Amino acid sequence: MKRPHPLPDPIIDAARHVTRREFFGRSATGIGTAALATLLARDGLAAPSSTRSNATSSRVGGLEGLPHFAPRAKRVIYLFQNGAPTHVDLFDYKPRLRELHGKEVPEDYVAGKRFSTMTGSPKGKLLLQNVEPFHRRGQSGAWVSDFLPHTASIADELCFIKSMHTEAVNHAPAISFLLSGGELPGRPTMGAWLSYGLGSETDSLPSFVVMTSVTRNTTCGQIFYDFYWGSGFLPSRFQGVKFRGSGSPVLYLEDPTGVSRPVRRQLLDDVARLNEIKLRDFGDPEIATRIAQYEMAFRMQSSVPELTDLSSESASTLEMYGPDVRQPGTFAYNCLMARRLVERGVRFVQLMHAGWDQHNSLTTELYSQCRDTDQPSAALVRDLKARGLLDDTLVIWGGEFGRTPFLQGNMNDRKRWGRDHHPYAFSLWAAGGGLERGLSYGESDDLGMNVARDPVHVHDFQATLLHLLGIDHERLTYRFQGRDFRLTDVHGKVVEGILA
Amino acid sequence: MRSWVLFICLCLAGTVAGESRPGAPDFTRDVRPILGSKCFRCHGHDARARQSGLRLDEREAATATLRSGRVAIVPGDASASEVVRRITSDDEDVRMPPPESKLALSERERKVLVEWIESGAEYDRHWAFEPLRAVALPEVRRLTWPRNGIDRFVLARLEREGHEPSRPAERHRLVRRLYLDLLGVPPSPAEADAFIADRDPGAWERLVDRVLASPAFGERMAWDWLAAARYADSNGYQGDRERTMWPWRDWVVDAFNRGLPYDDFTVWQLAGDMLPEATFEQRLATGFCRNHPINGEGGRIPEENRVDYVMDMTETTGTVWLGLTMNCCRCHDHKYDRLKQRDYYSLFAFFNQTPVDGGGGDPQTPPVVEAPTDEQREELERLWRAVAERVEAVVAAEQTALARAGDAPGEPEGETPAVETPEEIRKILERPARDRGPKELKKLEEHFGSSQPEYAGRLRSLRETIERRDGLRRSLPRVMVMEDMEKRRSTFMLAVGLYNKPGEEVSAAVPVSLPGMPESLPRNRLGLAQWLVAAENPLTARVAVNRMWQQFFGVGLVKTAEDFGVQGEAPSHPGLLDWLALELRGSGWDVKRLFRLIVTSATYRQSSRVSPALLERDPDNRLLARGARFRLPSWAIRDQALATSGLLVARLGGPPVFPYQPEGVWSDATFGKKKYRRDEGEKLYRRSLYTFWRRIVAPSLFFDVASRQTCTVRESRTNTPLHALTTLNDATFFEAARVLATRVSEELPGATGRDLVVRAFRRVLIRPPRDDEERILVGRLEALERHFAAEPQAASAILSSGAAPAPETDAPARLAALAAVCNVILNLDETLTRE
């Protein structure tokens, strides 16, 4: 869209099409470096980074000195499985559970441990074997159950961590803990930290995008709280932008009826020209930022509809993601969208899929849960690999904790078999940028109850994720209420054993 | 050493915070921040984290001989101080902070520490904990500028640092600034013109008094208080059930409007229920404490919830009144402030006495008060009276008609009833008439319907009145309030904050590093509240005036409004902060008076224009050499759009409303469990304060607002494309643009395009447009009028946007063009900004 009134003012030109950072970088306003440094520090923007990942993308924002070292991954797609997938039915094969099926939990496995009120005391609970059989998959021989045939087919691409453990036993605190390092709302989530630290690779889309979905007809009552993608005490521009599952993916993206694109452009030209007059009169650099942000708003009005226009996707690609892929709001659609987002420079894509809370539906809803997520997840990894994006994109699949190896419900009522929340051992998989392929890391004990070898605490996992993105988790901090906060609180150790 | 001193002086000359003269390092301003961020983690207040037995947070300990025989700090002798040897060493095994801590000292920081030790290593008590003492107004050279005490402090610092204050802002801008700051809505052009034309002395002060008397004042001030009180219209968490705390919100508005002193405002909200013969209003005020989220997630342990709620009350009180980050002490002694874990649970003990049990997710968890509106209260009283009258009528009938029939309960003993009365009916009749419920009355009615029609009629009338009364009572909003149980609940320190890991028992007490509670005060919530507003308390008044200052200048004198501890920022004008605190307290905690003091100062009235040189020197305007300029809160941007278009319905109070929100925002967040049902008519145009606040998904129109999850006393202010999309395209804003266009056109029939544009511009920005601004807007109006003449459908779509009736016009193209121009005006940086 050509602008009709090129004013010969270098300040204005700078302000119009470039970001605030670049704008200041030119020092054309007479704003000196000291003022600049303060203003940028305040907004969490830093001096221009010379990092250019390739010819077409350049970094917008981010902190000076980041990444701390050469990153293995440049972007993240987190396929978050809300509700906690059952590790002993999907990834963590325990023949011993078959042997002891129906027997009481040995006391020394659960002594002193806290469970949700639904379980109360674990004493006398009956062990429950895996619902579907497991098989070794691919050359790596990783165990994956028949619940997930598509995931099984890409096992050699994946790195399974089977010794995860966490601290909370309820969903919201545990999800918050995994995504922000703290159980209570109020801390920045991973995507916010990365947007803050590394900036964005695009100026026409947000750097942190969230999409949610839920398995149809689930009885699960989970809710997506916006603090799952919050920026906590970081400036709110770093919070995840939730793309909606129906209607326009971004609120207020569409011009009011009667305002055509050319008219909108003209009106924005006027806004810019009038703001430029204001900038000259008052000298407040915030005005220049505003001009730049209105321009990005205009670009988003085109870039977001382009993003969701699937006409350029081949039939075979669409087929790979499965039958739901054309249906906005499904996990399959969101997976495809995740690939399109990272292709366009988005730093952190967080898909959240709810329904994994099988308190009484291991033999019923778990099947539809897996059907809805298995094929698209595997397709995404394949698709990224085929496009050469998997090398520097990190894909993570997992929930907030695991599920009890013992039964919730009545052993004689197979239709209502369930498992309760279980923080002491669970599994997730990750793939791509900088991770070992075809690896199964860590072990739980013979009942899948507690971690037995190479424990990976949530903070360790977070430290490792940051490490893969070239960040020392102890040095990405933000001062709030007099304390330097970080994603990993005061803990966390990089899990060297999973790095390629 | 001399070059270091010179270097340090240069550094300090460049710093903005702090009023004192540059020179030797000042402990509070220069040294404590370094020790705090780089040393105290291992050598501070927290005994468990302390390494090598060394603590540097107290002079006595820091200058004592260590086990090793060395002395960490030798006052006046840097070279003999172990600290200096350690921080300057090249040997990684010796150097402090150790490399693995990743807390390296900068060259400047090392030099500050060395110079401080050289100059005698004096420690100060933390400024915020020092008692408030009378402050003399500083001397200034430019005697004509100051209008009140505020200006003396501000000017003294400006003169010291070689700056001049800015000129006063133009009257147009000033009047808009004042209205937006005090009322959250702009003046009408008539109000503005009246002030602009008033050239008599005292015009500004008269305007200030008029504005302070507006009921919109309370609505504006309530917003920030609601954010601090984490107010919402639902519980939060899974289920997110609706609650009816809004009568408490209306109380806050009213308290501001009638100027309830801040000490009463404090005591009533924390402990109004415990005042002698507490009034309804005083009990209602304690709803403040109960605004926390309630977790109704299945499987949650009730005691864990209950402890969470008490922690929330404790921490909210700590932040709002003491400016202290108590939450750090849930699990351990504070790393930086002299707060111990014991202090946390001692404060917690004050709030640990409510009967709330943490179970379920009932948003009306007792204790509650019923909070009828005035109309409801009158109706209720009328119904109570009506019930009493009808009871009497029934009694009278029973004494006459029934006695004759022998069915009356008072029948003479030994006589046989003429008619056999069923046992059930007899039992009912044996009870006094006033004690019979609707079901019983119904049975009597049925029994006597045919035999005693007149009596049955009276019964029916009584029953229906009771049902109406009870129905009304059930519909009354119930507000969760505070109450203490008779039997005190024991309070224990909780290991790492876990409800099920109780340790040592503690009793209710205030933090030991603050002045203690006088003996005369009870050791309960009331005593705590009274201690907060007692003259000995150094924090409450400072913290309060700082938040008030923040409302007018965008940033507090202490930037970290939530943290007055050692890690918080030192005040930019410490003398001014204390002077204001004393003004507030000395005036009987008169909040309106303090606001008046601020807005009548010359400091407040300065122009917000900034030169490149001043921007370079003071980008954040901490010196106050210019007026503040910052983006309006998003809620005020909406209120402004409604007000300027004339859509705003300025009715105070009442249940929350449901204005425009795009389809699906709630159902997306709740899997369809919660559906947003938009209101119609007037409720679309109430002030933002009344918009229903669903805690798990805040109204989509507002940005940069407190999440209402936990106490927030400082709002963020960001600048993103999503905000631009909101004000460009949201239904509220676009409807306001087209209604503004209609309004202006109707006011000026037959006007030129230029007149229309100027009128619309002035409605929003008060000032007239400059020539170049006018040319751009008039040019656009004319061009778009041609465009819409060729696109009549587009014009008609614009003119019918929103729920307001479409205008009747014979010039739709011009009106649509003007609406588009108004959309531009409502999106100008100046419109979005208070300057």
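Start in chain A of this predicted model: select Leu79(A) and Leu351(A), which are bridge partners, with Leu351(A) lying in S7(A).

**Stop 1: strand S1 of chain A**

Widen the selection to residues 75-81 of chain A, which form strand S1. Strand S7 covers residues 348-354 of chain A, and six bridges join S7(A) to S1(A) in a parallel arrangement. Strand S8, residues 393-398 of chain A, also pairs with S1(A), again in the parallel sense and over six bridges. To see this second pairing, select Ile77(A) and, opposite this residue in S8(A), Val395(A). A further pair to display is Phe80(A) with its bridge partner in S8(A), Gly398(A).

Now turn on the side chains of S1(A). In a regular strand the side chains alternate between the two faces of the sheet. Here Arg75(A), Ile77(A), Leu79(A) and Gln81(A) point one way, while Val76(A), Tyr78(A) and Phe80(A) point the other way. Are these residues buried or exposed? Those on both sides are all buried, and S1(A) is mostly covered, with seven of its seven residues buried.

**Stop 2: strand S8 of chain A**

Move to residues 393-398 of chain A, the strand S8 that pairs with S1(A). S8(A) is largely enclosed by the rest of the structure, because six of its six residues are buried. One side carries Thr393(A), Val395(A) and Trp397(A), the other Leu394(A), Ile396(A) and Gly398(A), and both faces are covered.

Next add strand S11, residues 426-432 of chain A, which runs antiparallel to S8(A) and is joined to S8(A) by four bridges. For a pair to centre on, take Leu394(A) and, opposite this residue in S11(A), Gly432(A).

**Stop 3: chain A as a whole**

Zoom out to the whole of chain A, which contains 15 helices and 17 strands. Of the 500 residues in chain A, 62% are buried. Counting contacts in chain A between residues at least 6 apart in sequence, 74% join residues at least 24 apart.

**Stop 4: where chain A touches chain B**

Show both chains and select the residues in contact between them: 70 from chain A and 71 from chain B. On the side of chain A that touches chain B, the elements giving two or more residues are helices H3 (33-43), H8 (171-180), H10 (261-282) and H11 (285-307), together with strand S17 (483-485). Which of the elements gives the largest share? H10(A) does, with 11 residues. Coloured by type, this side of chain A has 30 nonpolar, 24 polar and 16 charged residues.

**Stop 5: the nonpolar cores**

In soluble globular proteins, nonpolar side chains tend to be buried together. The largest nonpolar core in this model has 340 residues, and those with the most contacts inside it are Val395(A), Ala760(B), Leu818(B) and Val821(B). Val395(A) was met at the earlier stop, opposite Ile77(A). Apart from this core lies another, of 21 residues, among them Leu35(B), Ala62(B), Ala72(B) and Ala78(B).

Centre on Val821(B) and show what is in contact with this residue, leaving aside neighbours within four places in sequence: Val757(B), Ala760(B), Leu777(B), Arg780(B) and Leu781(B).

**Stop 6: chain B and a helix pair**

Select all of chain B, which has 34 helices and six strands. Along the principal axes, its C-alpha atoms fill a box of roughly 120 × 80 × 55 Å. Chain B has 835 residues, 50% of them buried. Of its contacts with a separation of 6 or more, 66% are between residues 24 or more positions apart.

Then select helix H7 (residues 149-160) and helix H23 (residues 574-586) of chain B, whose axes lie 9 Å apart at an angle of about 170°. H7(B) and H23(B) are therefore roughly antiparallel. H7(B) makes the contact through Gly149(B), Ile150(B), Phe153(B) and Val154(B), and H23(B) through Gly575(B), Leu576(B) and Trp579(B). These residues comprise five nonpolar, two polar and no charged.

**Stop 7: Tyr499 of chain B**

Finish at Tyr499(B), in the loop between strands S3 (491-494) and S4 (502-506) of chain B. Tyr499(B) counts as partly exposed because it has 18 C-beta neighbours inside 10 Å. Beyond four places in sequence, Tyr499(B) is in contact with Glu303(B), Glu304(B), Val307(B) and Leu494(B). Ile301(B) is 198 residues from Tyr499(B) in sequence, with a C-alpha to C-alpha distance of 9.7 Å.

Conventions
Residues are numbered from 1 along each chain as its sequence is written. Chains are lettered from A and ligands numbered from 1 in the order in which they are written. A residue is buried if 20 or more other C-beta atoms lie within 10 Å of its own, exposed if 12 or fewer, and partly exposed in between; C-beta atoms are placed from the backbone. Two residues are in contact if their C-beta atoms, placed from the backbone, lie within 7 Å. A nonpolar core is a set of buried Ala, Val, Leu, Ile, Met, Phe, Trp, Tyr and Cys residues joined through C-beta atoms within 7 Å. Ala, Val, Leu, Ile, Met, Phe, Trp, Tyr, Cys and Pro count as nonpolar, Asp, Glu, Lys and Arg as charged, and the others, Gly among them, as polar. Two strands pair if DSSP finds at least two bridges between them. Axes are lines fitted to C-alpha atoms, for helices over the stretch in contact, and angles run from 0 to 180 degrees between N-to-C directions. Angles under 35 degrees count as roughly parallel, over 145 as roughly antiparallel, 65 to 115 as roughly perpendicular and the rest as oblique.
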